[in-house]
Amino acid sequence: MKPVVALVVLFLLGGQAQRLQDVPPQDRAAIQAIISAQIEAFKKDDAVRAFSFASPGIRQVFQTPERFIEMVRSGYAQIYRPLKVEFGPASRSLGTLQQVRQVVNLVGLDGKKAVAYYLMERQADGSWKIAGVQLELIPDDQTI
């Protein structure tokens, strides 16, 4: 009898964890709009606008829009000037409802593929800001 109870508890807990990871469609749309707007700002070299989508923590680290866009230009070519942008899944970070990880598949001007993992943070006013990006380059022989 105890193994059955344990399985039921695990099933219920697993279902609850899954529900907490779901991202409502309106949040997904808002998050994707923020990322898209920042990428468009990068394409236009609009450092001020691109910096406006960064979280307070990122803004504190880089302090000026010029430093921020220079970091992106030098280290994140696929984000700075993408040829192709495709949104993948979005999921909530474990343990918090205020953070979402959004996957973005990218192809840079040089044809190099990458997957960007955007960490999005909900602000006190309900808006979303970009709190970080991890970029993973994909070998030429792999698809994204």
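**Salt bridges and core of a predicted model**

Q: How many Å, N to O, lie between the side chains of Glu40 and Lys43 in their salt bridge?
A: In this predicted model, local features need pLDDT of at least 70 and side-chain atom pairs count only at pLDDT 80 or more, whereas totals for chains, interfaces and linings use all residues. Residues are numbered from 1 along each chain as its sequence is written, and side-chain values use heavy atoms, without hydrogens and water. Because Glu40 and Lys43 are 3 residues apart in helix H2 (a DSSP run of H or I, at least four residues, numbered from the N terminus), about one helical turn separates them. Their salt bridge (Lys or Arg side-chain nitrogen within 4 Å of an Asp or Glu carboxyl oxygen) spans 3.3 Å.

Q: Is Glu40 buried, partly exposed or exposed?
A: The relative accessible area of Glu40 is 37%. Since buried means under 20%, exposed over 50% and partly exposed in between (1.4 Å probe, protein chains only), Glu40 is partly exposed.

Q: How far apart are the closest N and O atoms of Arg73 and Glu70?
A: Arg73 and Glu70 lie 3 residues apart in helix H5, so about one helical turn separates them. Arg73 is partly exposed at 35% relative accessibility, and Glu70 is likewise partly exposed, at 38%. In the salt bridge that they form, the closest N and O atoms are apart by 2.6 Å.

Q: Which element gives the largest share of the largest nonpolar core?
A: This core (buried Ala, Val, Leu, Ile, Met, Phe, Trp, Tyr and Cys joined through side-chain atoms within 4.5 Å) has 29 residues, and Ile35 and Met120 are among those with the most contacts inside it. The largest share, 7 residues, comes from H2.

Technical notes. Helices (H or I, at least four residues) and strands (E, at least two) are DSSP runs, numbered from the N terminus.
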